[in-house]
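Let's take a walk through this structure together, pausing at its charged pairs and then at a stretch of its surface. Please have the sequence and the 3D view at hand.

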Amino acid sequence: MNHNKSGFAAIVERETGLQRGLTSGQMSMIAIGGAIGTGLFLGSGFAIGFAGPSVLVSYAIGALIAMLLIGCLAEMTVAHPTSGSFGSYAEHYVGPWAGFSVRYCYWSSIVLAVGTEVTAVALYMQYWFPGTPAWLWIVLFSACLILVNAMSVNIFGSVEYLFSTVKIAAIVLFILLGAYMVYAAPEAGPIGFKNYVQDRGFFPHGSAGMWTGVIVSIFSYLGIEMVAVAAGEARDPQQAITGAFRTTMLRLVMFYMLTLGLMLAIVPWATAGNGNSPFVLAMQALHIPGAAGVINFVILVAALSSMNSQLYITTRTMFSLSRAGQAPKRFGMLSKRGVPVAALMLSCIGIALATVLSVLFPDGSFMLMMAISMFGAMFTWMMIFVTHYFFRRQWTREGHAPLPFRIWAFPWLTMLGAGLMLAIMVTTAFTKEFAMTLMTGLPFMLALSAMYFLWYRKR
């Protein structure tokens with residue numbers, strides 16, 4: 001056995017004990033569950049406010065980055081299926097500091113993203129129960145999902161499959177209804193593709209507005225990388241991963257682009273971009289009795305589904321950190337059912353933060369949570385591209401067998417992905433709404449690096 005294999009085999013060995021209970025279908029649904037949530041149903045409203053109809057270009061750029069990311073991840077995951085995933089790959093192929101910082105940045109980002117989902121859940125419940133305090137819904141729904149995650153990976157997979165099925169069925173129905181309404185709409189009426197150019201043209205806020213929309217699109221697509229983490233608990237990793245990656249990308253791009261395209265034809269962009277869910281507005285515009293309430297229910301399920309996936313992922317990431325000796329030992333311990341319960345409880349910090357923010361800043365808590373959680377996500381995505389570059393070079397240099405799954409045009413597409421992510425991260429510094437992203441993210445990175453070099457490197 002060569003040094004490389006024994007090196008990575010050691011990482012896989014220390015992460016043993018998790019149950020391999022997820023099927024290929026559940027893997028696909030976990031990826032979709034993570035990526036079709038509040039980002040699409042609520043975040044798209046913010047993106048439309050920034051970009052106007054050119055939000056379609058914003059989401060197309062986001063989709064391109066997401067597709068490149070999925071390709072790089074699929075290649076590495078088929079070679080090394082493990083719950084540590086891109087954190088373990090960064091540790092092995094780039095260096096221990098990279099593995100440490102990627103895992104912690106990703107963990108903190110998704111912990112905060114759980115907070116955005118549960119904040120949104122409280123907003124959706126107030127549609128039916130106006131005047132009730134947000135914290136009540138946050139505590140109630142959080143308790144249910146923590147219980148689901150603490151039981152076993154099979155129960156988590158089944159609940160996630162159910163949630164995602166509801167979401168996908170609703171989106172398909174929305175696409176069919178919307179397409180019919182746009183097709184049948186009279187030329188002189190308010191519905192139609194003329195809405196794309198009617199109010200100050202396709203780029204009402206110029207190319208700068210469109211580029212700002214890309215930041216929100218990345219937040220919306222965030223979650224597709226979860227399937228790589230879930231690979232450590234897949235029954236047949238190679239088949240499950242390649243199948244899940246392909247179907248996820250196809251469905252995601254289709255769902256996002258079609259729903260946004262139809263939404264902008266039904267609701268004028270200036271109305272859709274006012275911070276409410278554009279889906280509920282579109283359903284109100286279609287004048288179907290009770291439709292807005294049904295869509296609100298679906299959006300609630302979508303947020304719960306994302307939150308469920310995110311709790312699962314943060315738990316596995318903290319488990320991986322603990323097993324790497326980079327977090328206290330108790331977070332690497334498993335229950336009788338093979339669940340790292342202590343890591344799960346720690347990963348509920350975002351829920352606690354969301355509860356506090358919903359009391360202190362009831363109006364701006366969602367956007368604030370989104371801006372703060374973005375740094376770790378964007379840093380992780382950029383590092384996945386960097387890691388892939390090192391991975392492929394080492395794999396080729398050491399003369400391994402050809403990879404069963406490869407992306408094209410290496411290294412150009414890998415470098416394009418890393419460059420686009422870096423450009424988006426820099427853009428947040430010049431955008432008022434995302435000013436907190438680098439303001440909180442850079443000090444966090446400095447603190448992490450100090451913690452690593454002073455404390456963990458010696459170990």
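What follows looks at the salt bridges one by one and then turns to a nonpolar patch.

Please keep in mind that this is a predicted model. How many salt bridges does a search of the whole structure find? The answer is three, and each is worth a visit.

Let's begin with Glu75 and Arg392, whose side chains meet in a salt bridge with an N to O distance of 2.7 Å. Glu75 belongs to helix α4 (residues 55–79) and Arg392 to helix α18 (residues 365–397), so this pair ties together parts that lie 317 residues apart in sequence. Are these two partners buried or exposed? Glu75 has a relative accessibility of 0% and therefore counts as buried. Arg392 is buried too, because its relative accessible area is 5%, and the cut-off for that label is under 20%.

The next stop is the pair formed by Glu91 and Arg103, where the side chains meet in a salt bridge at 2.9 Å, again taken from N to O. Here the link runs between distant parts of the chain, with Glu91 in helix α5 (residues 85–93) and Arg103 in helix α6 (residues 96–128), 12 residues apart. Glu91 comes out at 18% relative accessibility, so it counts as buried. Arg103, at 2%, counts as buried as well.

The remaining salt bridge takes us to Arg200 and Asp199, with 3.5 Å from N to O between their side chains. Which label does each partner carry here? Arg200 is exposed, because its relative accessible area is 54%, where the label calls for over 50%. Asp199 has 31% relative accessibility and so counts as partly exposed.

Now let's leave the charged pairs and look at the surface. Which residues make the nonpolar surface patch? Trp135, Leu136, Val139, Val356, Val359, Leu360 and Phe361 make it, and its area is about 670 Å². Two helices, α7 (134–151) and α17 (349–360), each supply at least two residues of this patch. To look at one member up close, pick Leu360, which is found in helix α17. Why does Leu360 count as exposed? Its relative accessibility is 56%, and therefore it earns that label.

To retrace the route, you could select Glu75 with Arg392, then Glu91 with Arg103, then Arg200 with Asp199, and end at the patch that includes Leu360.

Terms used: Residues are numbered from 1 along each chain as its sequence is written. This is a predicted model: local features need pLDDT of at least 70, side-chain atom pairs count only at pLDDT 80 or more; totals for chains, interfaces and linings use all residues. Side-chain values use heavy atoms; hydrogens and water are left out. Patches are made of residues with over 30% relative accessible area and no salt bridge: like charges are joined within 9 Å, nonpolar side chains (Val, Leu, Ile, Met, Phe, Trp, Tyr) within 5 Å. Accessible areas come from the Shrake-Rupley method with a 1.4 Å probe; for residues, only the protein chains shown count as cover. A salt bridge is a side-chain nitrogen of Lys or Arg within 4 Å of a carboxyl oxygen of Asp or Glu. Helices (H or I, at least four residues) and strands (E, at least two) are DSSP runs, numbered from the N terminus. Buried means under 20% relative accessible area, exposed over 50%, partly exposed in between (1.4 Å probe, protein chains only).
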